[in-house]
Amino acid sequence: MDEPDYVLGHSDHELGRLRRQAALLAPTTREYLTSAGLAPGMRVLDVGSGAGDVAFLASALTMPGGEVLGTDTAATAVDAASAAAAARGLSEIVGFRLGDPAELTFDQSFDAIVGRYVLTFQPDPAAMLRHLARHLAPGGVIVFHEPDWRAIRSSPPAPTYDRCCRWVLDTLDRMHTSWNMADRLHGAFTEAGFPVPTLTMRTFIGSGDTAEVWLEALVDIVETLLPAMEATGVATASEVGRDTLTQRLIHEVRETSATVIGRSEVGAWSRLAKP
């Protein structure tokens, strides 16, 4: 199936950013996977594995007896994830395969299909879910963790923070990509033929020192998107000032006593009926 270019790319910086982001998102993803019903002994397909972090979370929840196969369309990501599995001593139970799982074939069906920040990059999320459904065993569960940026703001205004968020969203818009999935997931699941999904959402909110973890994550995203920002005319490297951006954001949020509201994390899952 045709897809637009993955706007974040697969550079060494992006793979590093994914690992840093994984530490921030791990508790929420684990909660969604657990609530969706991942349990010991399950065979799991991880879609869009990146550096492998969701696959490792799934493995922890499905052991003993579980097996996880991660997939990604980027060879650099598959190589990095495979190396991470070897370093963790998990190569026997967590493997990675190059390719689009919507098009791949597998020897066995899966008890669960999982993914994080995958559907948001699809031109037709329902079509992808429909293709993935053929890999799911009867009674199997499919669960995705996706972003939504509609809540982002600061109060009182922190201008640099607001500007950074606008740069990100304007760049995505000009590249025909949306990171707003909260109100799209119900339709995507049901159009794909799944039962009505369970939906849940968490939103980052912080001030002072508690805002720093999200501000650092935001700068990571800005740095990854900077080439696209320049190419689309959203912002220049000099306007962004990457070398001092983190410090300026932290200082501004403290000085203005701003509360920053950041990205929301949306969970959606559905289970096929047993025959």
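A disulfide is taken here as a pair of cysteine sulfur atoms within 2.5 Å. The structure is a predicted model, in which local features need pLDDT of at least 70 and side-chain atom pairs count only at pLDDT 80 or more, while totals for chains, interfaces and linings use all residues. Residues are numbered from 1 along each chain as its sequence is written, and side-chain values use heavy atoms, with hydrogens and water left out.

**Exercise 1. Cysteines**

Task: Establish how many disulfides the model holds, and find where the sulfur closest to that of Cys164 lies.

Solution: Applying the cut-off to the model gives zero disulfides. Cys164 takes part in none, and its nearest cysteine sulfur, which belongs to Cys165, is 6.9 Å away. Seen from the other side, the sulfur of Cys165 has that of Cys164 as its closest cysteine sulfur, and 6.9 Å is too far for a bond. In general terms, a disulfide is a covalent bond between the sulfur atoms of two cysteines. For the surroundings, buried means under 20% relative accessible area, exposed means over 50%, and partly exposed lies in between, with a 1.4 Å probe and protein chains only. Cys164 is buried at a relative accessible area of 1%, and Cys165 is also buried, at 3%.

**Exercise 2. Two threonines in helices**

Task: For Thr29 and Thr160, locate the helix, decide whether each residue is buried or exposed, and name the partner of each side chain.

Solution: Begin with the elements, where helices (H or I, at least four residues) and strands (E, at least two) are DSSP runs numbered from the N terminus. Thr29 belongs to helix α1, which covers residues 12-36, and Thr160 to helix α5, which covers residues 159-174.

Next comes accessibility: Thr29 is buried with a relative accessible area of 2%, and Thr160 is buried as well, at 12%.

The partners follow from polar contacts, each being a pair of N or O atoms within 3.5 Å; within protein, one atom must be able to donate a hydrogen and the other to accept it, and residues adjacent in sequence count only if both atoms are side-chain atoms. The side chain of Thr29 makes such a contact with the side chain of His145 at 2.8 Å, and the side chain of Thr160 makes one with that of Glu252, at 2.8 Å.

Finally, consider the wider contacts, meaning heavy atoms within 4.5 Å. Setting aside residues up to four places away in sequence, Thr29 touches Val54, Leu57, Arg116 and His145, whereas Thr160, with its neighbours within four places left aside, meets Leu245, Arg248, Leu249 and Glu252.

**Exercise 3. Aromatic rings**

Task: Count the aromatic pairs, and describe how the rings of Phe56 and Phe96 are arranged.

Solution: Rings of Phe, Tyr and Trp (its six-membered ring) pair if their centres lie within 6.5 Å; planes under 30 degrees apart count as stacked, over 60 as edge-to-face and the rest as tilted. This rule yields eight aromatic pairs. Phe56 and Phe96 form an edge-to-face pair, with 6.0 Å from centre to centre and 80° between the planes. Phe56 lies in helix α2 (residues 53-62) and Phe96 in strand β3 (residues 94-98), so the pair ties together parts that are 40 residues apart in sequence. Phe56 is buried at 7% relative accessible area, and Phe96 is buried at 14%.

The rings of Trp149 and Trp179 have centres 5.6 Å apart and planes at 40°, so this pair is tilted. Trp149 sits in the loop between β5 (136-148) and β6 (153-155), and Trp179 in the loop between α5 and α6 (185-191), so that the pair links distant parts of the chain, 30 residues apart. Trp149 is buried at 2%, and Trp179 at 7%. Ring pairs also join Phe121, Trp149, Trp179, Phe204 and Trp214 into a cluster.

**Exercise 4. Helix α2 and model confidence**

Task: State how many residues of α2 are buried, and which stretch has a pLDDT below 50.

Solution: Nine of the 10 residues of α2 are buried, which leaves the helix mostly covered; among them are Asp53, Val54, Phe56 and Leu57. As for confidence, pLDDT is the predictor's confidence in each residue, from 0 to 100. The chain averages a pLDDT of 93, and 94% of the residues score at least 70. Over residues 1-9 the pLDDT is below 50, and this stretch has 26 contacts in the model beyond near neighbours in sequence.
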